[in-house]
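Hi everyone, thanks for having me. Could you pull up the structure on your screens, and we'll walk through it together?

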Amino acid sequence: MRTDLHRHFTNPLTAVRNLGILAHVDAGKTTVTERILYVTGTTHKRGEVHDGTTVTDFDSQERDRGITIFAAAVSCAWDGHQVNLIDTPGHVDFSDEVERSLRVLDGAVAVFDAVAGVEPQSESVWRRADRHGVPRIAFVNKLDRAGADLDTAVESIRRRLHPAPLVVQLPIGTEDTFTGVVDLLRMRSLVWGDGSDTFEEGPVPEGLREEAHRRRRLLEEAVAELHPVALEEFCDRSALCAATLASALRDLTRTGEGVVVLCGSAYRNRGIEPLLDAVVTYLPSPLDVPPVRGTHGATVQERDADPTAPFVGLVFKVNATATGRLTYLRVYAGTVLKGEAVWDVGAGRSERIGRILRVRADRHAELEQAVAGDIVAVIGPKSARAGATLCAPTAPLLLEPPTVADPVVSVAVEARRGTDTDRLVSALTRLVEEDPSLVVRTDSETGQTVLSGMGELHLEVAVEKIRRAHGLEVGVGRPRVAYRETVARGVSGLVYRHVKQDGGAGQFAHVVLDVEPLEADPGDADGSAAGFAFASRVVGGRVPQEYVRAVEAGCRDALAEGPLGGHPVTGLRVTLTDGATHPKDSSEMAFRTAGRLALREALRASAMVLLEPVVEVTVTVPDDAVGGVLGDLAARRGRVSGSLVQAGATVISATVPLAELFGYATRLRSRTRGRGVFTTRPTGYAPAPSPASHGTPSR
């Protein structure tokens with residue numbers, strides 16, 4: 001509609017938008033992305049998920065499974081603006097891709113299903129965006145579906161996500177008669193004809209005028225409550241003009257106090273143009289977000305989004321393709337040229353930028369340079385991993401990398417043919433380079449190669465990628481979950497004396513420890529147990545400070561293996577209450593050893609509890625299958641927390657141990673004749689049953 005307009009901007013960065021598309025699986029975010037590409041003229045044919053013709057879901061597994069697995073970056077233009085867009089996965093197993101994407105985004109569009117409203121994974125990604133301070137606008141999709149209701153979806157946003165939803169559109173028609181929207185700011189109707197790629201603008205339909213004016217009034221009142229300038233005008237004039245309303249909505253979006261809500265049907269190509277207008281109007285440019293912060297040595301520095309500043313960028317994705325190793329980069333400051341040498345701060349080595357590419361999913365356009373605000377792919381760096389900082393060699397700055405969640409499911413993998421073992425090792429190494437949430441280790445007891453990840457589907461996709469990309473036949477063991485151990489009842493005054501004399505300088509360390517449970521932080525969103533806390537109450541300098549730090553390091557070493565089954569230990573507080581030193585034989589190494597062995601002894605003397613990962617499961621089933629599904633959940637040690645009837649189906653919520661969900665998709669399809677679906681969301685760890693009653697958990 002407006003891609004050929006060219007505005008003049010005093011600073012080109014004001015015309016850049018870096019945004020992500022966030023949603024629960026099947027809310028329609030990939031279809032939204034495809035329609036954005038089509039409407040902006042980036043593509044000339046609508047991509048369809050069910051046909052496997054989408055631009056962003058270009059991987060063969062994504063097309064086979066019909067879901068987004070890997071975050072895909074695309075660029076397009078709208079109303080004189082450059083829009084760098086990342087389509088993120090909606091499945092919980094690939095939430096690490098979402099985390100890395102959010103780290104480099106300035107804004108986001110959260111897509112919600114008009115029938116289901118806020119779903120578990122949409123809530124999860126919303127909380128992640130909260131942590132990163134990413135401003136969002138909401139798009140309620142699928143208004144053409146049976147049971148679609150904008151007001152119900154908006155209420156779920158208000159109730160479960162807690163921002164102030166600021167609805168700026170009124171749907172015209174319901175369900176299969178949905179044809180367009182009323183723009184409540186300009187009080188104009190936008191109507192799309194059947195099979196038409198464009199809309200017609202006109203006056204508000206006669207039958208909707210009263211409702212449109214009522215909703216415009218509600219919007220003005222909601223904005224006036226939150227924005228002081230709007231409140232002043234509202235008090236003076238008892239109304240807000242469109243310019244004040246738009247300015248206030250922009251401010252509230254960028255501060256996170258409110259979220260602008262639009263609606264439409266991406267599949268029918270209705271509502272995409274107003275969504276793009278909202279993106280460029282309300283979401284921030286790189287100049288509107290705070291300067292990037294990093295460290296150089298012990299000092300914290302800020303660097304503005306200025307093309308003339310020293311270059312600094314963050315690697316958020318690495319992908320090995322047939323054309324080479326693609327390193328995806330957000331440029332925060334400065335300019336990087338093709339052929340230029342840059343410095344990898346974390347690795348402490350120089351890398352050369354061979355090529356710079358503007359990314360359109362699996363297609364690329366060559367660039368001579370990338371400037372502050374750009375999201376590009378580069379070819380040349382040999383070892384830069386996701387989370388690495390690349391910067392100008394003369395002005396090093398280390399940026400905080402994206403966080404990586406601990407894996408919760410593991411499988412043993414091996415090459416079917418002994419001659420392929422080295423190839424499998426190489427393939428696994430490449431996998432871990434591309435996806436930091438995958439971990440490969442060798443089991444010390446069995447000698448097996450163990451691949452760990454975020455879920456059963458995550459590992460299934462990873463193994464299938466090895467088979468397809470490397471032509472390897474791979475054997476896979478039964479999935480196993482990552483257990484933890486914690487302290488239920490600790491010990492006080494445990495005395496440990498480490499003395500070693502084998503010629504020359506000896507080792508001497510005397511420590512007294514208290515061990516007790518550490519309560520989880522009430523603000524911990526996923527409910528997981530707190531990790532580890534260490535304190536010292538030694539008085540009189542009986543243990544010097546450098547030895548206290550060594551004791552803490554030794555205690556952390558001991559957390560790697562607990563006494564129940566060799567699982568990592570979490571949720572405990574250790575206090576050093578007393579100790580003694582030797583004038584000659586005491587050293588940091590001696591006290592570190594004493595700390596490790598003392599805590600191991602304390603854990604053996606404590607009452608320990610085995611923890612297993614649990615997930616919140618949302619199961620949607622037809623009414624006639626509810627009884628069987630509830631019985632099956634109970635057999636899997638599930639605790640049902642609620643159920644509701646929604647659009648002719650029953651939605652059951654339950655908390656279930658992750659270990660009990662292996663193979664559940666097949667069982668659910670069998671019980672519901674293929675009509676049941678389920679989603680999961682991690683909620684942390686809970687006490688596991690005793691090994692005698694439910695099998696011995698494996699490491």
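I'll start with the whole chain, then go to the cores, two helices, some rings and one loop residue.

First, keep in mind that this is a predicted model. The chain has 699 residues, and buried ones make up 54% of them. Its secondary structure comes to 16 helices and 38 strands. Now take the contacts between residues at least 6 apart in sequence: 71% of those join residues at least 24 apart.

Okay, the cores. In soluble globular proteins, nonpolar side chains tend to be buried together. Here the largest nonpolar core has 42 residues, and the members touching the most others are Val109, Ile137, Val223 and Leu249. Helix 9, residues 272-282, supplies the largest share of this core, with seven residues. What does Val223 touch, leaving out residues up to four places away in sequence? Its partners are Leu166, Ala230, Leu240, Leu245, Ala248, Leu249 and Leu252. Apart from this core lies another one, of 37 residues, and Val408, Leu610, Leu633 and Ala688 are among them. Hang on to Leu633, we'll meet that name again.

Next, helix 10, which covers residues 421-434. Let's do a quick check on its length. There are 14 residues, and at 1.5 Å a residue, counting one less than the number of residues, they should span 20 Å. The end C-alpha atoms are 20 Å apart, so that agrees. Which residues of helix 10 are buried? Those are Leu424, Ala427, Leu428, Leu431 and Glu434. They cover an arc of only 120° around the axis, so they sit on the same side of helix 10. If the spacing of the numbers looks odd, remember that an α-helix has 3.6 residues a turn, so residues three or four places apart point the same way.

Helix 14, residues 626-635, has its own buried set: Val626, Val629, Asp632 and, here it is again, Leu633. Looking down the axis, they fall within an arc of 130°, so they line one face of the helix. On the other side, Gly627, Ala634 and Ala635 are exposed. And what do the buried residues of helix 14 pack against? They pack against strand 35, strand 37 and helix 15. Right after helix 14 comes Arg637, which has a positive phi, near 65°.

Now for the rings. Searching the whole structure turns up five aromatic pairs. One of them is Tyr664 with Phe678: the ring centres are 5.0 Å apart and the planes are at 75°, and since over 60 degrees counts as edge-to-face, that's what this pair is. Tyr664 belongs to helix 15 and Phe678 to strand 38, so the pair ties together parts that are 14 residues apart in sequence. Are these two buried or exposed? Tyr664 is buried, with a relative accessible area of 1%, while Phe678 is at 27% and counts as partly exposed. There's also a charge over a ring: Arg136 lies over the face of Trp126, at 4.4 Å from the ring centre.

Last stop, Val404. You'll find Val404 in the loop between strand 24 and strand 25. With 41% relative accessibility, Val404 counts as partly exposed. Leaving out residues up to four places away in sequence, Val404 touches Asp96, Pro436 and Ser437. Asp435 is 31 residues away along the chain, and its C-alpha atom is separated from that of Val404 by 9.8 Å.

That's my tour, thanks for listening!

Conventions
Residues numbered from 1 in each chain as written. Predicted model: local features only at pLDDT ≥ 70, side-chain atom pairs only at ≥ 80, totals over all residues. Heavy atoms only, no water. Core = buried A, V, L, I, M, F, W, Y, C linked by side-chain atoms within 4.5 Å. Buried < 20%, exposed > 50% of the residue type's maximum accessible area, 1.4 Å probe, protein only. Helix = DSSP H or I, 4+ residues; strand = E, 2+ residues; numbered from the N terminus. Contact = heavy atoms within 4.5 Å. Arc of directions from axis to C-beta. Phe/Tyr/Trp six-rings, centres within 6.5 Å; stacked < 30°, edge-to-face > 60°. Lys NZ or Arg CZ within 6 Å of the ring centre and 35° of its normal.
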